[in-house]
Amino acid sequence: MAESIFASLREIANRTRRAVGGSISAVAGDLIGRGVPAALATETVRQKSADMLAVGINEAKDDIKENAGPIVRDLNEKFAHGQQPGISETLRENFIKPSDSWLSKIAKKLFFRLIGAGVGIASHVAAGAINVVTAVPESKKVDGDDIYNIFAKLTATVFNRKARINSYTRDRY
Amino acid sequence: MNTIFLYKKLSKIVANLLYRDDFVEGDMEKVRETFVKNFYDVLGLAFNISITEEKFNKFLKETNEFPSDLQSLKFIGETSESPEAYLMVNYFFALFIGMYLECTKKDQLEKVERIIKDGGITPDQFDKIKEDYQQMMLMKKLSVNIAQV
């Protein structure tokens with residue numbers, strides 16, 4: 001399996017190499033070439049794997065963003081014309097804002113539950129958008145019940161799925 | 001394979017990989033933080049390419065150009081639930097899995113490959129994800145160019 005997966009992902013991996021300046025083995029090789037002892041070079045690179053992965057994730061997003069750029073810019077121009085200031089920005093750019101509020105932290109936890117639950121994109125958007133309704137000052141008109149309802153719907157999606165799996169397991173065994 | 005079905009498979013694999021602290025050396029919490037931030041950015045982009053002028057104008061008309069945040073949220077969620085969005089997010093997931101494989105400790109590689117295999121994704125599907133994404137972006141760009149002409 002290793003060979004086939006790597007063969008198929010070669011191009012994807014190439015992007016990563018560009019992002020981090022080389023694959024793990026290539027980076028280690030480069031260090032060895034510069035006179036760093038092999039064991040130390042491998043260990044140094046190994047310890048940086050998570051950092052390399054984080055850089056790669058940023059790079060993947062940037063790549064997608066760059067590709068989407070011409071399309072998005074065009075839409076921006078169309079929507080910016082004659083529309084109420086702020087609406088298009090809120091909708092298309094700032095609908096998910098980082099925030100340190102307690103609700104934001106819950107939203108993040110919820111995200112991790114959702115990502116493994118196989119729910120659709122709309123649920124992820126809603127979980128992220130909770131950050132907005134708590135972060136944007138104008139959003140204070142959204143009351144607690146509204147936010148609670150969003151949470152209730154999302155958590156129900158997750159827990160119902162889990163309950164179904166548990167029920168299936170019980171019936172089967 | 002259905003794009004949404006593929007998305008669900010990929011998201012489960014991604015979650016499995018993100019939760020683990022023993023496959024990649026270093027600070028996985030930082031990786032998780034980075035992933036969440038970038039995933040939301042990609043969702044934002046997916047919304048950007050899913051929306052049409054017609055949809056947006058209809059939404060503004062229905063809300064008298066002053067949508068509440070909940071109306072906006074509903075609109076964003078519904079609009080993002082598009083084939084284009086799923087193709088884009090699937091591509092992002094595929095890139096993440098590819099990078100994860102690159103960064104996996106050598107002695108854990110088999111376990112990671114097992115997670116991918118058990119998740120129901122075959123190597124040729126990664127190629128298909130990339131092809132579908134590129135084709136969709138090409139079509140989008142063409143339609144924007146035609147609209148400009």
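Colleague: Is B:Glu131 buried or exposed?

Modeller: Happy to start there, keeping in mind that this is a predicted model. B:Glu131 sits in helix H7 of chain B, which covers residues 123–148. A residue with 12 or fewer other C-beta atoms within 10 Å is classed as exposed. Because B:Glu131 has 11 C-beta neighbours inside 10 Å, B:Glu131 counts as exposed.

Colleague: How many Å apart in space are B:Glu131 and B:Leu87?

Modeller: In sequence, 44 residues separate B:Glu131 from B:Leu87. Taken C-alpha to C-alpha, their separation in space is 9.8 Å.

Colleague: B:Leu87 makes me curious about helix H5. At roughly what angle do the axes of H1 and H5 of chain B cross?

Modeller: H1 spans residues 3–19 and H5 spans residues 83–103 of chain B. Their crossing is left-handed. The two axes come within 9 Å, and they cross at roughly 35°.

Colleague: Which class of residue has 16 members in the contact of H1(B) with H5(B)?

Modeller: On the H1(B) side, the residues include B:Leu10 and B:Val14, while H5(B) brings B:Leu87 and B:Phe93, among others. The contact has 3 polar residues and no charged ones. The class with 16 residues is nonpolar.

Colleague: Which helix gives the largest share of the largest nonpolar core?

Modeller: That core has 64 residues, and among those touching the most other members are A:Leu53, B:Met88 and B:Phe96. The largest share, 16 residues, comes from H5(B).

Colleague: Which residues of chain A are in contact with B:Phe96?

Modeller: Let's set aside neighbours within four places in sequence. From chain B, B:Phe96 is in contact with B:Val14 and B:Phe35. From chain A, the partners are A:Ile57 and A:Ala60.

Conventions: Residues numbered from 1 in each chain as written. Chains lettered and ligands numbered in written order. Predicted model: local features only at pLDDT ≥ 70, side-chain atom pairs only at ≥ 80, totals over all residues. Helix = DSSP H or I, 4+ residues; strand = E, 2+ residues; numbered from the N terminus. Buried ≥ 20, exposed ≤ 12 C-beta atoms within 10 Å, placed from the backbone. Axes fitted to C-alpha atoms, helices over the stretch in contact; angles between N-to-C directions. Left-handed = near helix turned anticlockwise from the far one by under 90°. Contact = placed C-beta atoms within 7 Å. Nonpolar A, V, L, I, M, F, W, Y, C, P; charged D, E, K, R; others polar. Core = buried A, V, L, I, M, F, W, Y, C linked by C-beta atoms within 7 Å.
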